[in-house]
Amino acid sequence: MLKTANQKAWYFVVPVVVLVAFNALIPLMTVVNYSVQETFGDNVFFWEGVKWFEEVLNSDRFHDSFLRQLAFTGMILVIEVPLGIGVALSMPRKGPWVSVCLVLMALPLLIPWNVVGAMWNIFALPDIGLLGRSINALGIDYNFTQQPESAWMTTVLMDVWHWTSLVVLLAYAGLCSIPDAYYQAAKIDGASAWSVFWRIQLPKLKRVLTIAILLRFMDSFMIYTEPFVLTGGGPGNTTTFLSIDLVKIALGQFDLGPAAAMSLIYFLVVLLVCWVFYTLMMRHEGQ
Amino acid sequence: MAKISLEQVKHSYLAQPAKSEDYAVKQVDAVWQDGGAYALLGPSGCGKTTLLNIISGLLVPSHGRVLFNDTDVTKVPTIERQIAQVFQFPVVYDTMTVFDNLAFPLRNRGIAEAKVRDRVMEIAGMLDLESSLRRRASGLTMDGKQKISLGRGLVRDDVNVIMFDEPLTVIDPHLKWRLRSKLKELHKRLGLTMIYVTHDQTEALTFADQVVVMYDGTVVQVGTPVELFECPNHTFVGHFIGSPGMNILPCELDNGTVRCAGHAVNTASSGRPRSDVTKTEIGVRPEFVRFDDHGFPVHIVKVDDLGRYRIVEVRYADQRVKMIVEEDAAIPSGSARISFDPAATRIYADGWVVN
Amino acid sequence: MRTHRWLVPTLYIVFLMLPIYWLLNMSFKTTNEILGTFSLWPLDFTLDNYRKIFTDPTWYNGYLNSITYVVMNTVISVSVALPAAYAFSRYRFLGDKHLFFWLLTNRMAPPAVFALPFFQLYSAIGLFDTHIAVALAHCLFNIPLAVWILEGFMSAVPKELDETAYLDGYSFWRFFVKIFIPTVAAGIGVAAFFCFMYSWVELLLAKTLTSVAAKPIAATMTRTASTAGYELGLLAAAGTLTLVPGAFVIYFVRNYIAKGFALGRV
């Protein structure tokens, strides 16, 4: 659509800018402020320059939680995206079951995140949980509160349970918007089911999948509440992801400088990845 | 290639059709001769696309049979019917090049790559697509994309029929006639059966040798453009084809004499309608209405000058009649008398012509 | 394979329902039964857990607090996002693209980064432990989202609608309220749904900004888990009740969900 130039449009945007800036800029300034200073309490601050940034970037603790975070995000993307597409492909296109599917599938998305954690906790506990009990009954030793592998598996499974529906809903909406003529033409051209998927459905889903991957990347990279309630970051530090580590440093140990420096690095990483991904997709689109 | 016959085909999208209104296609018997250029003409929602999808096998009709060369193919899947279809909106495979798009139906059928190449080059030549063969199909203009859709039908040498479902809807007006004459040219050159669905009478009459007119789920007339103009089978055909459409005027029968508002009218219909019809009308095209001092009296309502001729609208009782008058003929003002050319005036009983 | 297509969504839904069923199952058990025996359904069926939640103000106030700030946030987010989205969809102005991108970056900010500064900010302006504090804090990610969704819907409305209305003598605000808002009603529904959803499920900021008076239900549950021993039945009942508002909202917007997602704007 051709837009008209109109500087008065700024008046319409002012409330949004004020509200968001109030919430974004002031805290961000506070974080920047902390990240370059040292304090020993009593609101006395000393200039420290980039010391905290160097410290964080060189600390093993940060490297570990960063790598854990990458591994976690990578794993859930690899599982949730194909699974979501698969479920969306096999969902009915019309009829009474569509509503049933949509409502039931969207349900996990609307559960408060700590309830998700608590629910999975009692679901997976080896003594009273259905999942934990069943796995142990199969003869596999499973206890997510003590075994790192079990804790990992449970956290990933919980995230798959919680968020795959988002990918399903996006992919489903994308599939519904493909005109029937494409499927009819494919039939006439003698295309196999695989070609239909590869040549019609996947290309048409590209846009919604980009959004799905971006959202899942962002949200999984920021994940805090669910694993915190489920495992508390343990056993040991095995499920301590970036946010959990950050809160531990900032609110647990009250090391404001390193926490602030880490926050900024963290934020920048998310921004950078999103920007790179977005730019690559757009360039690809332009071709 | 094949002759296509539809025998008592009916189709309803409902699972349990009860009334006749539940059917999108009510009852169609039609034969499409091998190598013919047909147009399927009718207003939106008259069942054209449904009928097309029944022929292509995308739909299985609720009743009746579809025959290709006297073989029953009613339940044969689309791919085995060897048909091609071009849709209203161009369907191209975005991620593939133009070449791969054209080669797609052949490759799916496992044809050797050398042969695929030859066919694609040949068809690309006919459609003037050679220069863009290496480009991605998504970057083409609408008419380019529509040519690819058509090309995917043409590359196969085994097609029985190519069907067009309002293929020019999204094409720019100045490119429409070029694509349409391309279609005519291809029809002459390849001798394929073509069925062209449209709601535009100009498109239908210029493309087809035979026009099939559909109305409300039934075929009302099959004929050449001239036949449709001169002897419409149904008031709908008379009204839908021609500009302006046929005048349809209520009439009474009085001992075999046809009277319009009391005036006797001579017609070409020698038969008379059965006594159980509810509505009797006469139909006469505006081209065959004349001023005549011995005709019946009317008032002149309006004169539209269209350059080469004028359309005069006259009124008697509460009926309006349109007539076409040559540009230099005199038009009386106020009241006048008109008559209808008996050879071109027919009786219609409940919409259907009486011969 | 085609005939067994329904199996995939069915299995997936079963997988989704299992933990929810387990939560429901626990909520009808006594704590003793939960800890003592393992059973697939409540043997000693009880409604005590629910009774306790509906009679104890520390519990039911948690729900009221949550719903209060969620509704406040949804109203604020959607009402300020409406004119802004209109501006983005209709006009070019200085810095519009950068502004839009900056808004979206806030959707990418990890709440953990902002937890401590938020606490200090809202304490400093005397809003700590109020509903409005949480509602305002959630604007950080909900306003960008609402602007994004609404801009998508508004761009789909042809500009001729605006022009026709002005020609008919409508003033801008009369046009905006009487004609434009009803036209994008579906978009407002979708935006409100997502604001509701993200505000309802978020806990980190809500917990940081409250202590007693505005404490969300989710935080009440966390406290119970740690202080009152491990009253699992009660916890399960409280958890089950947090599903109810979400389920209601989904049911009402089920026909819009697919449409909203289809715009690819979530």
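How many residues does the contact between chain C and chain A take from each chain? The points below take this up, then turn to strand pairing and domains.

1. **Status of the model.** This is a predicted model. Read every number below as computed from that model.

2. **Chains C and A.** The contact takes 78 residues from chain C. Chain A gives 73 residues to the contact. On the side of chain C that touches chain A, the largest share comes from helix H13 of chain C, residues 232-262. That helix supplies 16 residues. By class, this side of chain C holds 64 nonpolar residues. Nine more are polar, and five are charged.

3. **A strand pair across the two chains.** Backbone pairing also links chain A to chain C. Strand S1 of chain A covers residues 4-5, and strand S1 of chain C covers residues 91-92. The two strands run parallel and are joined by two bridges. For a place to look, take A:Ala5: opposite this residue stands C:Arg92 in S1(C).

4. **A sheet in chain B.** Chain B has an open sheet of three strands. The order is S12-S13-S14, and the pairing is antiparallel. Which strands lie at the edges? They are strand S12 (252-254) and strand S14 (263-265) of chain B, each pairing on one side only. Neighbouring strands are turned against each other by 45° on average, with direction ignored.

5. **Inside that sheet.** S12(B) and strand S13 of chain B, residues 257-260, run antiparallel. Three bridges join them. Here B:Leu253 stands opposite B:Val258 in S13(B).

6. **Domains of chain C.** The domain assignment splits chain C into domain 1 (1-46) and domain 2 (56-262). Over C-alpha atoms, the centres of these two domains of chain C are 31 Å apart. Their contact takes eight residues from domain 1 of chain C and seven residues from domain 2 of chain C.

7. **The domain 1 side.** Which helices of chain C each supply at least two residues of the side of domain 1 that touches domain 2? Helix H1 (7-27) and helix H2 (31-36) of chain C do. The largest share, four residues, comes from H1(C). By class, this side of domain 1 of chain C has four nonpolar residues, three polar residues and one charged residue.

8. **Where to look.** For the contact of chain C with chain A, start at helix H13 of chain C, which gives the largest share on the chain C side. For the contact between the domains of chain C, start at H1(C), which gives the largest share on the domain 1 side.

Conventions: Residues are numbered from 1 along each chain as its sequence is written. Chains are lettered from A and ligands numbered from 1 in the order in which they are written. This is a predicted model: local features need pLDDT of at least 70, side-chain atom pairs count only at pLDDT 80 or more; totals for chains, interfaces and linings use all residues. Two residues are in contact if their C-beta atoms, placed from the backbone, lie within 7 Å. Ala, Val, Leu, Ile, Met, Phe, Trp, Tyr, Cys and Pro count as nonpolar, Asp, Glu, Lys and Arg as charged, and the others, Gly among them, as polar. Two strands pair if DSSP finds at least two bridges between them. Axes are lines fitted to C-alpha atoms, for helices over the stretch in contact, and angles run from 0 to 180 degrees between N-to-C directions. Domain bounds come from an automatic or database domain assignment.
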